[in-house]
Amino acid sequence: PEGPKGNPQRVPGPSDPHSISISSDGKRVAYSKLTVSQNIWSVPIPDSGPISIGEAVPVTEGNRIIEEHDLSRDGKWLVFDGYMQGRFGIFKRRLGDGVDEIVTGIDGHAFAPVWSPDGTEIAFYGGPDSLESDIFVVPSSGGVPSRITDFPGIDSSPSWSPDGRTIAFVSRGPQGIGQIDVWAVLRDGADDPWGDPVQLTDFECGRASWAHDSRFFVCNAGYVDSLRISRMAIVARNGEVEDI
């Protein structure tokens, strides 16, 4: 009731406190520690019928948090985002050897890495906080990432076209407000620069999933209002809607 007394001070001790209480004399603090671990597991795909979760085997291990991952086309490498040392970064691992390699880090967090079709590059999104992010591309061997979008707000969920010439992503566009649309950056070849972002949908649509020939992509177009049934839109590379 009397308001704050002085400036706040950091209490030394372990990180990740969950619930906190203070003693009546104000001299001791009790807290519970939140420990979260999320790793990648693998299960074989059966020829038919279900498979027991007991047949799953760990691919990564340890006290870490992994949100998204992608397997290289040759099936030899896994790239993933991982929370370590206070931030999310991009890591890769050759399957079978159990050794993580740092691909890149940025000033902030990095999420949702995806391999380019030829395996030489990795796209991801990231930024300083949860309210701002851009799309980046980095050599899969590691190095300095290149920012290929710079809209205000959140640009996320990069998706390579199979021919490697287009990266689709979702964004609220150059104003950073309004609905989430699918946008894309394009280039003529692997050694050419990326062009400016172009808008591919004018209706709210989620992450793009490309057809094998790169001519179309599918995205989640939300729900039928009264039935709450999810709709999928099929959109051509030039933005023409084929079906919804």
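1. C205 and C219 are joined in a disulfide, with 1.9 Å between their sulfur atoms. The model in which this bond appears is a predicted one. The bond links distant parts of the chain, its two cysteines standing 14 residues apart. C205 belongs to the loop between β16 (198-199) and β17 (209-210), whereas C219 lies in strand β18 (residues 216-224). The structure holds one disulfide.

2. The geometry and surroundings of this bond deserve a remark. The torsion about the S-S bond of C205 and C219 is about 90°, and the disulfide is therefore right-handed. Burial is counted under 20% relative accessible area. C205 has a relative accessible area of 2%, so this cysteine is buried. C219 is buried as well, because its relative accessibility is 0%. In general terms, a disulfide is a covalent bond between the sulfur atoms of two cysteines.

3. The next matter is an open sheet of four strands, arranged in the order β9-β10-β11-β12 with antiparallel pairing. Its edge strands are β9 and β12, each of which pairs on one side only. As general background, strands of a sheet pair through backbone hydrogen bonds, either parallel or antiparallel.

4. Within this sheet, strand β10 (residues 121-129) and β11 run antiparallel and are joined by seven bridges. These two strands form a hairpin, with two residues between them. Two residue pairs help to locate the register: A123 stands opposite V137 in β11, and F124 has F136 of β11 as its bridge partner.

5. On the other side of the hairpin sequence, β11 pairs with strand β12 (residues 146-147) in the antiparallel sense, over two bridges. F136 stands opposite R147 in β12. F136 is thus a residue to inspect from both directions, being the bridge partner of F124 and standing opposite R147. β11 and β12 also form a hairpin, here with six residues between them. In its turn, G142 has a positive phi of about 105°.

6. Is strand β11 mostly covered or mostly uncovered? Strand β11 (residues 132-139) is mostly covered, since six of its eight residues are buried.

7. A further open sheet of four strands follows the order β5-β6-β7-β8, and its pairing is antiparallel. The edge strands here are β5 and β8 (100-104), each pairing on one side only. From one strand to the next, the twist averages 35°. Strand β6 (residues 77-84) pairs with strand β7 (residues 87-94) in the antiparallel sense over eight bridges. Y83 has F88 of β7 as its bridge partner.

8. The largest pocket holds about 320 Å³ of space. Its lining consists of 16 residues, and those nearest its centre are D70, V114, W115, S159 and W160. By character, the lining divides into nine nonpolar, four polar and three charged residues.

9. Which strands each supply at least two residues of the lining of the largest pocket? They are β5 (65-71), β9 (109-115), β13 (156-160) and β17. The largest share, three residues, comes from β13. Two of these contributors have been met above as edge strands: β9 in the sheet that ends with β12, and β5 in the sheet that ends with β8. β17 has also been met, as one of the strands on either side of the loop that carries C205.

Conventions
Residues numbered from 1 in each chain as written. Predicted model: local features only at pLDDT ≥ 70, side-chain atom pairs only at ≥ 80, totals over all residues. Heavy atoms only, no water. Buried < 20%, exposed > 50% of the residue type's maximum accessible area, 1.4 Å probe, protein only. Pairing = 2+ DSSP bridges. Disulfide = S-S within 2.5 Å. 1 Å grid on protein atoms, 1.4 Å probe; cavity = no way out; pocket = protein on both sides within 12 Å on 5 of 7 lines; lining within 4 Å. Points joined across faces, edges and corners; volume = space filled by probe spheres on them. Nonpolar A, V, L, I, M, F, W, Y, C, P; charged D, E, K, R; others polar. Axes fitted to C-alpha atoms, helices over the stretch in contact; angles between N-to-C directions.
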